[in-house]
Amino acid sequence: MLSQTLKVAMKSIWAQKMRSLLTMLGVIIGVAAVIALIGLARGASASISSQIQGLGSNLIVIKTNQAPGAAALSASSAAAPLLPPGQLTPNEALSLGQVPGIAAVAPVMAGTATFGVGATSSAAGLVGTNASYQPVMNYQLAAGRFLSPLDIASDANVAVLGSQEATTLFGAADPVGNSMTIDGVPFQVIGVLAPKGSALGQSQDSFVAIPWSVAESVLGQTSISTIYLSARSSAAIAPLTTRLDLKLLTWLGSAANFSLTTQSQILSTLNSITTTMQMVLGGIAGISLVVGGIGIMNIMLVSVTERTREIGIRKAIGASYLAIMSQFLVESLTLSGLGGILGIGLGTAISEVLGHALGTVVAFSPTTALLAFAFSLGVGLIFGLWPASRAAGLHPVDALRID
Amino acid sequence: MPLIELQAVEKSYKMGTQTLHVLKGVSLAINQGDYVAIVGPSGSGKSTLMHILGCLDIPAPGRYVLAGQDVSKLKEARLAPIRRQHIGFVFQSFNLLGTLNAQENVALPLLYQGVNGRRQRERAKDALSLVGLGDRLHHRPNQLSGGQQQRVAIARAIVADPPVILADEPTGNLDSQSGQDLLQIFSGLNQAGRTLVVITHDAEVARHAKRVIEIRDGRIVGDREVSHA
């Protein structure tokens with residue numbers, strides 16, 4: 001019975017090819033828009049998420065909000081280094097390693113410096129840190145080795161180059177083992193990092209890392225501006241933030257003097273933004289689907305009027321209310337379902353083209369496709385109900401009188 | 001017990017402020033195996049009578065008992081299965097569906113009875129063979145002559161084996177030769193035991209029937225047996 005009803009529906013859709021196609025167009029465009037827009041949004045959110053995850057594993061970032069300059073003089077001139085409130089010493093930073101749950105601590109003294117190799121010079125970021133910086137920040141080595149604990153302890157004038165800085169200073173040549181100057185002081189290059197690309201628009205490859213013990217004298221400062229910590233596990237992050245918060249409060253006096261951010265916080269913020277974006281885009285596309293549904297309803301109403309006599313004949317022959325109802329419902333479902341399938345095809349094609357044109361990843365999601373298809377069927381059902389019940393409710397005598 | 005029994009059937013329509021009394025108390029009984037022609041001029045109420053006999057409409061007031069069942073108070077939803085089981089229609093304008101071929105048209109009543117697809121095709125083919133169109137199964141109505149289309153309609157009316165065949169001006173759109181052929185088929189069907197009720201103003205049709213009921217201004221004015229010498 002159902003397969004015959006479907007056959008009848010296909011037949012009457014096929015009998016009016018052009019009209020059926022135009023009717024479906026609304027649904028086709030709606031579904032295609034849902035697929036393409038959500039695909040774009042998902043692609044964007046996936047690439048942002050992978051950038052954030054690339055920053056490090058189970059990363060916690062502490063930043064102090066005080067400019068470090070002023071403290072440097074008093075620190076170097078006084079016998080006992082006494083920092084004004086709001087600043088951290090390297091030893092304080094390193095002591096965070098004893099907090100249970102912390103896997104590694106990488107304190108960073110950051111500044112800018114002029115780097116020179118022969119006649120070439122460039123100004124870029126200088127990072128004074130320790131051996132933990134590489135694992136905590138998830139860097140791979142391209143050549144040589146990273147800073148070792150011994151380099152820190154012995155105040156060795158050794159430098160590790162970010163991949164971009166290595167190219168700027170040494171071109172195609174291998175920098176490892178060569179010497180360079182940092183603000184005029186000679187250093188030996190011991191390693192080059194593998195490129196990591198940019199995160200949130202910032203290059204992560206344009207800097208030089210040296211032991212923090214050496215950076216103190218090069219930058220003329222003793223305070224730590226940023227501490228990167230990695231937690232032992234992602235589950236440990238939540239309890240850790242409370243402990244770290246307490247410790248930093250006693251050291252720095254006020255919560256206004258520092259910020260503590262975890263990777264999962266950044267991720268969840270971004271996720272909520274991209275989820276909102278997906279919902280907004282999906283909603284806009286969904287509206288066009290509903291408009292498509294109204295188009296179907298319109299044509300189905302016309303169709304019921306045109307086929308009043310056919311309905312009368314079918315009823316006279318014994319078709320029940322339900323039989324006529326299901327005939328027209330199946331027809332509008334077939335229209336919207338076909339539209340949905342064509343829309344999925346078109347949307348996927350648009351996603352591919354957009355992905356190539358914009359150079360971004362467009363994530364096709366079977367769930368979205370299925371959802372869009374189900375939604376278009378739902379639209380066909382809802383907007384088919386009224387015309388179908390109108391057809392089914394026709395009185396056979398009245399319907400037969402129409403020519 | 002008669003197959004069809006009408007008791008004091010009336011029917012009126014509201015036309016704006018006026019009420020039009022179309023049937024003014026019609027009582028009749030038709031037995032199984034009968035071949036009845038209902039004749040009358042246009043406007044006499046015979047079309048309305050045919051709608052009521054065919055369970056397309058209900059009398060108000062009045063009583064209609066079909067095959068032992070009182071159908072005069074049934075709602076449309078309950079009338080559809082009655083039509084499906086008891087009535088086969090033949091219309092003046094054939095009323096075939098243009099998008100379906102002859103076999104599919106004939107199979108329609110079986111479709112609504114829930115007969116499976118293969119049985120539908122077999123029985124439709126048998127019914128078409130019975131009216132001499134066994135070689136036209138896959139022709140569309142527009143590929144058939146008027147007489148052939150009406151024979152397809154007859155096949156559709158008998159395919160589900162209903163006790164009553166109800167025909168409304170069946171020869172109205174046919175040339176005289178096709179009309180003759182059709183009456184031959186009707187006589188054959190009646191001889192095979194089927195009950196036929198034909199509404200017509202064609203005297204030739206009435207001559208073939210066993211009984212002629214004459215209707216005028218919503219009342220039965222004549223009811224006579226026809227002798228076939």
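Reader: What makes the phi of Cys55(B) worth pointing out?

Author: In this predicted model, Cys55(B) sits in the loop between α1 and β4 of chain B. Its phi is positive, about 60 degrees, although Cys55(B) is not a glycine. Most residues other than glycine have a negative phi.

Reader: Where is Pro61(B), and what is the peptide bond from Ala60(B) to Pro61(B) like?

Author: Pro61(B) is in the loop between α1 (46–53) and β4 (63–66) of chain B. The bond that joins Ala60(B) to Pro61(B) is cis, and its omega is near -10 degrees. Most peptide bonds are trans.

Reader: Let's turn to the helices. Why are α2(A) and α12(A) called oblique to each other?

Author: Helix α2 of chain A covers residues 17–54, and its axis crosses that of α12(A) at roughly 40 degrees. Angles under 35 degrees count as roughly parallel, and 65 to 115 as roughly perpendicular. The value of roughly 40 degrees falls in neither range, so the pair is oblique. The two axes come within 6 Å, and the crossing of α2(A) with α12(A) is right-handed.

Reader: What kinds of residues make up the contact of α2(A) with α12(A)?

Author: The contact of α2(A) with α12(A) has 16 nonpolar residues, 9 polar ones and no charged ones.

Reader: What makes α2(A) roughly antiparallel to α13(A)?

Author: The angle again. Helix α13 of chain A spans residues 366–392, and its axis crosses that of α2(A) at roughly 155 degrees, coming within 10 Å. Angles over 145 degrees count as roughly antiparallel, so α2(A) and α13(A) earn that name. Their crossing is right-handed.

Reader: Which residues bring α2(A) and α13(A) into contact?

Author: From α2(A) come Val27(A), Val31(A), Val34(A), Ile35(A), Ile38(A) and Arg42(A), while α13(A) brings Thr368(A), Ala369(A), Ala372(A) and Ser376(A). By type, this contact of α2(A) with α13(A) has 7 nonpolar, 2 polar and 1 charged.

Reader: Why is α11(A) called oblique to α12(A)?

Author: Helix α11 (residues 308–317) and helix α12 (residues 321–358) of chain A pack at an angle of about 140 degrees, with axes 10 Å apart. To count as roughly antiparallel, the angle would have to be over 145 degrees, so α11(A) is oblique to α12(A). α11(A) passes α12(A) in a right-handed crossing.

Reader: Which residues make that contact of α11(A) with α12(A)?

Author: On α11(A) they are Glu310(A), Ile311(A), Arg314(A) and Lys315(A), and on α12(A) they are Ile324(A), Gln327(A) and Phe328(A). The contact of α11(A) with α12(A) divides into 3 nonpolar, 1 polar and 3 charged residues.

Reader: How many residues do chain A and chain B bring to their contact?

Author: Chain A gives 19 residues and chain B gives 23 residues. About 2,100 Å² is buried between the two chains, 61% of it on carbon and sulfur atoms. On the chain A side, Gln4(A), Arg314(A) and Ile317(A) lose the most area to chain B, together 26% of what that side buries.

Reader: How do you know what confidence chain A has in this model?

Author: The pLDDT tells us: chain A averages 85, and 94% of the residues score at least 70. Residues 68–81 of chain A have a pLDDT below 50, and this stretch has 10 contacts beyond near neighbours in sequence.

Technical notes
Residues are numbered from 1 along each chain as its sequence is written. Chains are lettered from A and ligands numbered from 1 in the order in which they are written. This is a predicted model: local features need pLDDT of at least 70, side-chain atom pairs count only at pLDDT 80 or more; totals for chains, interfaces and linings use all residues. Side-chain values use heavy atoms; hydrogens and water are left out. pLDDT is the predictor's confidence in each residue, from 0 to 100. Contact means heavy atoms within 4.5 Å. Axes are lines fitted to C-alpha atoms, for helices over the stretch in contact, and angles run from 0 to 180 degrees between N-to-C directions. Helices (H or I, at least four residues) and strands (E, at least two) are DSSP runs, numbered from the N terminus. A crossing is left-handed if the near helix is turned anticlockwise from the far one by less than a right angle, and right-handed if clockwise. Ala, Val, Leu, Ile, Met, Phe, Trp, Tyr, Cys and Pro count as nonpolar, Asp, Glu, Lys and Arg as charged, and the others, Gly among them, as polar. Buried area is the accessible area (1.4 Å probe) that two parts lose on being put together, summed over both.
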